[in-house]
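Take a look at the structure below. We will follow a strand and its partners, then turn to a helix.

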Amino acid sequence: MSPAESQSAAAVLMVRPLRFGSNPQTRASNAFQRDVLIEDPQSAALREFDALVDELRRTGVRVVAVDDTPEPHTPDALFPNNWFTTHADGTVVLYPMCAPNRRAERRADLLELLDDRGFACNRLVDLTAHETGGRYLEGTGSLVLDRVARIAFACLSPRTDLMVLDEWGKELGYRTFPFDAHDASGHPIYHTNVLLAVGSTWAVVCADAITDPRQRSKLIGAIASGDREVIEIDIGQMAGFAGNLLELRDAAGAAVIVMSSQARTVLAAAQLEALGRHGRIVSSPVPTIETAGGGSVRCMLAELFLPERSAQVDEDRR
């Protein structure tokens with residue numbers, strides 16, 4: 001039997017951007033990605049990235065921050081949660097990615113770095129062969145996990161394939177919960193983690209994006225299990241990344257709910273008050289990353305659940 005897994009991690013891996021910019025290979029399926037009207041998006045994204053790292057560290061979250069490589073050109077490398085996940089039994093999963101230039105983000109040296117930092121990887125599950133068949137599952141972009149109840153929520157899209165989802169569930173011992181969700185224009189929502197976030201005692205969901213009433217009712221019932229407080233957001237708030245949240249743990253084990261400054265702005269006072277009952281809210285501005293990259297703070301955080309061989313102190317390059 002797999003060891004019990006916490007819902008939230010106390011450490012994350014983040015990849016510092018080197019050649020960030022709008023990715024033409026992802027734009028067709030990502031309606032959150034838009035033109036950014038600044039001359040140097042890389043410099044702006046780097047400032048936003050470093051500010052988020054600093055904020056998380058001040059909060060007491062352990063951050064393993066590493067630099068992107070000059071080659072190959074990977075404009076979305078700062079979203080590492082899409083190419084790998086880690087799990088409490090020592091499993092690392094590698095995922096099939098839709099955009100060819102995103103597949104180059106997978107780096108064996110980063111997994112070796114985690115080993116050097118004391119994280120133990122005991123098993124590798126490699127799903128990347130599905131890319132040759134045009135089937136994709138993009139990590140915790142495609143998957144929002146209830147790690148305690150072992151349920152994987154996934155809205156189906158060009159980047160989230162049902163066949164790969166089923167294989168993932170069998171490999172990891174999770175029950176899968178596929179559903180359909182659409183934005184205001186009727187397009188499939190590219191990643192589940194922009195409409196749904198699941199914490200230990202709370203969940204945020206854009207129920208309006210799920211047009212099938214049976215799917216909507218079942219989803220809300222599933223995420224509410226375990227006495228979670230369900231906080232609903234609307235389509236407009238989802239577009240402001242109010243669903244792209246992540247619960248982490250600080251060094252003392254207290255819950256930290258991380259979001260972007262835009263997400264915090266679009267949430268109503270009552271919604272923020274509700275979230276605040278479940279953890280300390282931490283936000284940081286990432287407007288360039290949200291606009292050009294089509295992803296927000298949660299997308300920048302690859303949670304580290306691997307067992308540790310010994311206590312480590314994070315001394316990453318800043």
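**A strand and its partners**

Arg 249 stands opposite Ala 255 in strand E13. The model is predicted, and this pair is a good place to enter it. Arg 249 closes strand E12, which spans residues 246-249. E12 and E13 run antiparallel, and four bridges join them. Together they form a hairpin, with five residues between the two strands. Gly 253 sits in that turn and has a positive phi of about 90°.

Now turn to the other pairing of E13. Strand E14 covers residues 280-284. E13 pairs with E14 in the parallel sense, over five bridges. Within this pairing, Ile 257 of E13 stands opposite Ile 281 of E14.

How many of the six residues of E13 are buried? Six of the six are, so the strand, residues 255-260, is largely enclosed by the rest of the structure. Both of its faces are covered. On one side, Ala 255, Ile 257 and Met 259 are buried. On the other, Val 256, Val 258 and Ser 260 are buried too. Ala 255, opposite Arg 249, and Ile 257, opposite Ile 281, thus belong to one side of the strand.

Next comes the helix. H10 runs over residues 287-293 and includes Thr 291. Is Thr 291 buried or exposed? Its relative accessibility is 17%. Buried means under 20%, so Thr 291 counts as buried. Which residues does Thr 291 contact, leaving aside its neighbours within four places in sequence? They are Phe 32, Gln 33, Arg 34, Asp 35 and Val 36.

Key. Residues are numbered from 1 along each chain as its sequence is written. This is a predicted model: local features need pLDDT of at least 70, side-chain atom pairs count only at pLDDT 80 or more; totals for chains, interfaces and linings use all residues. Side-chain values use heavy atoms; hydrogens and water are left out. Buried means under 20% relative accessible area, exposed over 50%, partly exposed in between (1.4 Å probe, protein chains only). Contact means heavy atoms within 4.5 Å. Two strands pair if DSSP finds at least two bridges between them.
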